Amino acid sequence: MTLKTAIIGLGRMGAEPTSRLAGLLPIGWDPISHAESIKSINDLELTALCDVDLKKTERFSAMYNVPKIYTDYKVLINEVKPDIISIATRTNVKSEIINYAIDNGVKGVYVEKPLGRSITECEQILNKINNANAKIAYGAQRRAMPIYQEVKNICNSGEYGIVKHIIIEFGKSRLFWTHPHSTDLIVFFSNSTDVDYISAICAFDDNYSKDSLIIDEDPLVECAFIKFKNGVSANITQNEGSNIRIQLTNAIITINGDGYSIDINTEGENKGCFHKLERRYPKSNKSGTQIMFADLAAAVLNSANVESVSPEEILCGSRILSGIVESALKNGEKVNFKDIRNDLIITGRLGNLYA
């Protein structure tokens, strides 16, 4: 059985071809767009495209040979009746689209990050999908890339002890535009969704009180510290390089440059110094986006769980994002995970655009 699949939102992640980034991406990123990934998977048929920009829809229709095009997602869902939809729109409309899709028989949703503007919105989306026995995959695709999977397997093997601390180096970045990837990787490598507390500092464009319920912007994350109840801790920094550093009992493992290579630093001859270096390079040509779409297709076809990410992990990453803002509103005060307000809304607005 081939699953009818439609894309809603044809921007950068939805349909822009990876060729525009030729020579700039490590192995594991190509193809990056939803359209290219769907077209590469035997179980999926790219049936329809939708965007409010008709000219954009016509351009990608010709590029990917998809005859059915729409500017209204409701009309698409009613007429095409897709099995799976992918959503690469702004966050303020994702909940509306997913609710309509699930109410009208869609069984699988691939949604770009972030999932929602508040914890309540995220919970409502995930509950809606669960109650309909539908499936969801989340566009934090690094967790599905073979090189990140390899590092997780090394960490879980016990060869170098246990994971102690995780450091995220994604530069000077905004909360919703970039750090859903950070929080997802923290959850991924910590092997936990049970967070103890969060402490963070953000730079806000406007003035807010500690009781503000609507943050109408996408704050710049200056630093964040996350502590899990299993003892693992994590930092989000402003360091450049797109590196992930994982401190284990007996090693430091670094994923360099968005998956360019892995460095394993161990003690070697000088006791107490992790100076012995082993470097590994990625080998698989499958992209994280491809793997996640294939995973979603298999889950829908077999009424199984999506293996690459669980609803609990999606919600935990989303809750950490809210917790970062919650702490920043209180000048970096430690905020217990259970005390983060579910109704705190972060719009993700940057100028006239929304994450």
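Is Thr47 buried or exposed? Select this residue to begin the tour of the model, which is a predicted one. Thr47 is buried, and its relative accessible area is 9%.

**First stop: Thr47 and its strand**

Display the secondary structure around Thr47, and strand S2 (residues 44-50) will appear as the element that holds this residue. Next, show the side chain of Thr47 together with the backbone of Glu45. A polar atom of that side chain lies 3.0 Å from the backbone oxygen of Glu45. Then add Lys4, Thr5, Val66, Lys68 and Val80 to the selection; Thr47 touches these residues when those up to four places away in sequence are not counted.

**Second stop: the aromatic pairs**

Seven aromatic pairs are found when the whole structure is searched. One of them consists of Tyr110 and Phe293, whose rings are stacked, with 4.1 Å from centre to centre and 10° between the planes. Select both residues and turn the view until the two rings are seen from the side. Tyr110 belongs to strand S5 (residues 108-111) and Phe293 to helix H8 (residues 288-302), so this pair ties together parts that lie 183 residues apart in sequence. Tyr110 is buried, with a relative accessible area of 0%. Phe293 is likewise buried, and its relative accessible area is 0%.

Now move to Phe204 and Tyr208, which form an edge-to-face pair: the centres are 5.6 Å apart and the planes meet at 65°. The value of 65° leads to the name edge-to-face because planes over 60 degrees apart are classed in that way. Phe204 is partly exposed, at 22% relative accessibility. Tyr208 is also partly exposed, with a relative accessible area of 22%.

**Third stop: charges over rings**

Which residue has its charged end over the ring of Tyr197? Select Lys334 to see the answer: its charged end sits over that ring, 4.3 Å from the centre.

A further example is found at Arg319, which lies over the face of Phe337 at 5.7 Å from the ring centre. Remain at Arg319 and display its surroundings. This residue has its place in helix H9 (residues 311-329). Arg319 counts as buried, at 14% relative accessibility, because the limit for buried is under 20%. Its side chain is joined to that of Glu123 by a polar contact of 3.3 Å. To complete the picture, select the residues that Arg319 touches, leaving aside those up to four places away in sequence: Ile119, Glu123, Phe337, Ile340 and Asn342.

**Fourth stop: helix H7 and its end**

Select residues 175-190, which make up helix H7. How many of its 16 residues are buried? The number is 14, and the helix is therefore described as mostly covered. Proceed to Asn191, just after H7, where phi is positive, at about 60°.

**Last stop: the cysteines**

Finally, select the cysteines and display their sulfur atoms. The count of disulfides comes to zero. Cys223 is in no disulfide, and the cysteine sulfur nearest to it, that of Cys202, is 8.3 Å away. The pair does not qualify because a disulfide requires sulfur atoms within 2.5 Å. Cys223 is partly exposed, with a relative accessible area of 37%. Cys50, by contrast, is buried, with a relative accessible area of 3%.

Notes
Residues numbered from 1 in each chain as written. Predicted model: local features only at pLDDT ≥ 70, side-chain atom pairs only at ≥ 80, totals over all residues. Heavy atoms only, no water. Phe/Tyr/Trp six-rings, centres within 6.5 Å; stacked < 30°, edge-to-face > 60°. Helix = DSSP H or I, 4+ residues; strand = E, 2+ residues; numbered from the N terminus. Buried < 20%, exposed > 50% of the residue type's maximum accessible area, 1.4 Å probe, protein only. Lys NZ or Arg CZ within 6 Å of the ring centre and 35° of its normal. Polar contact = N/O pair within 3.5 Å; in protein donor to acceptor, adjacent residues only side chain to side chain. Contact = heavy atoms within 4.5 Å.
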